[in-house]
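These entries record what I looked up in one structure, in the order in which I noted it. I began with the internal cavities and then turned to the fold and to single residues.

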Amino acid sequence: MALKRILPCLLYDGSGLVKTVRFKNPSYVGDPINAIKIFNEKEVDELILIDINATKQKRRPNFNKIADMASEAFMPFAYGGGVKTMDDFVQLYKLGVEKVIVNSLVQQNPSLIKEVINSYGAQAVVACIDYKKSLFGGLKPFSHCGEKINGTIVEYAKYLANDIGVGEIMLYGVDNDGTWDGYDESTISEVVRTVNVPVIACGGCGNLEHLKSVLYKSNCNAAAIGSMAVYSKKGMGVLINFPPRDQVIKE
């Protein structure tokens, strides 16, 4: 059986951690270094940190802040946000970031991503697919940089895995983000069946049953948790959390 992973997904706005609902209305939830220290104690499998404003504000990653976070993290650390050049990738890997998450860059400069993969290996690059319901009702991938993404979610996932050659795909369901209502298992299952690279499910986790269902029914390789990682319960206060692995993962 392939290793199943549970990954806290932390959203960073350039100054502190925030949590969104359907990618809107970010609420402050704390300091990233403090959160990372707690996740160290909880022995999480991997940690994802996404700077949600870097691309929108057209700024590079904050390497000084990332260096502090990466040095504090005792688990594999993945970062995404504002990465544009080969030098950005090089600096992040030197700081201890194991995986760089790309999104808009796939549309803007796919040849650069291929160059990074040739230099550092496919495992060093994760492609994130943000997707939501379109005006016509169907689910569609979209890009924060305003570039149109043609085709379906599955077609785009195949392009990322087969043509670009990324080592992992992260499926981020915007309509589920911050809702606590569960993952979009139908889409996740379809992508898992189609691509030959690990798939990370993200968006909507609210309890242990959601985790078990997405990991073993949708059969994705990893499940990212957002609200569950930073709140005690839905509608309750901030509390850095991580579910007991033995209640979710079948060894």
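**Entry 1: cavities**

I sorted the lining of the second largest cavity by residue class and obtained seven nonpolar residues, one polar and one charged. I note here that the model is predicted. The second largest cavity holds about 30 Å³ of space. Its lining consists of Cys-9, Leu-10, Leu-11, Leu-17, Val-18, Lys-19, Val-29, Gly-226 and Val-230. Strand E2 (17-21) and E1 are the elements that contribute two or more residues to this lining.

I then asked how many cavities of 30 Å³ or more the whole structure contains. The search returned two. The largest cavity encloses about 90 Å³. Its lining comprises 14 residues, and those closest to the centre are Lys-19, Asp-177, Gly-203, Gly-226 and Ser-227. By class I recorded seven nonpolar, five polar and two charged residues for the lining of the largest cavity. Strand E1 (5-12) and strand E11 (222-225) each give at least two residues to the lining of the largest cavity. I also marked Lys-19 and Gly-226 in the lining of the second largest cavity.

**Entry 2: overall fold**

I counted the secondary structure as nine helices and 11 strands. The radius of gyration is 17 Å, and the globule rule gives 18 Å for 251 residues, so the protein is as compact as a globular protein of that length. Along the principal axes, I found that the C-alpha atoms fill a box of roughly 40 × 40 × 40 Å.

Next I looked up burial and contacts. Of the 251 residues, 55% are buried. Among contacts with a separation of 6 or more, 68% join residues 24 or more positions apart. The accessible surface amounts to about 11,300 Å², and carbon and sulfur atoms account for 49% of that surface.

**Entry 3: helix H7**

Which residues of helix H7 (residues 185-194) are buried? I listed Thr-187, Ile-188, Ser-189, Val-191 and Val-192. An α-helix has 3.6 residues a turn, so residues three or four places apart point the same way. I then traced what the buried residues of H7 pack against. The strands are E7 (125-133), E8 (139-142), E9 (168-173) and E10 (199-202). The helices are H6 (153-164) and H8 (208-216).

**Entry 4: Phe-39**

I located Phe-39 in helix H1 (residues 32-41). Is Phe-39 buried or exposed? Its relative accessible area is 0%, under the 20% limit, so Phe-39 counts as buried. Leaving aside residues up to four places away in sequence, I found Phe-39 touching Pro-8, Leu-10, Val-44, Leu-47, Met-75, Ala-229, Ile-240, Asn-241 and Phe-242. For Phe-242 I also took the C-alpha to C-alpha distance from Phe-39, which is 7.5 Å across a sequence separation of 203 residues. Leu-10, one of the residues that Phe-39 touches, also lines the second largest cavity.

**Entry 5: positive phi values**

I checked two residues other than glycine that have a positive phi. Asn-25 has phi near 50° and belongs to strand E3 (residues 24-30). Its relative accessibility is 61%, over the 50% limit, so Asn-25 counts as exposed. Glu-43 has phi near 55° and sits in the loop between H1 and strand E4 (47-51). Glu-43 is exposed as well, at a relative accessible area of 62%.

Note on methods. Residues numbered from 1 in each chain as written. Predicted model: local features only at pLDDT ≥ 70, side-chain atom pairs only at ≥ 80, totals over all residues. Heavy atoms only, no water. 1 Å grid on protein atoms, 1.4 Å probe; cavity = no way out; pocket = protein on both sides within 12 Å on 5 of 7 lines; lining within 4 Å. Points joined across faces, edges and corners; volume = space filled by probe spheres on them. Helix = DSSP H or I, 4+ residues; strand = E, 2+ residues; numbered from the N terminus. Nonpolar A, V, L, I, M, F, W, Y, C, P; charged D, E, K, R; others polar. Buried < 20%, exposed > 50% of the residue type's maximum accessible area, 1.4 Å probe, protein only. Contact = heavy atoms within 4.5 Å. Rg over C-alpha atoms; globule rule 2.2 N^0.38 Å. Areas by Shrake-Rupley, 256 points an atom, 1.4 Å probe, with all protein chains shown as cover.
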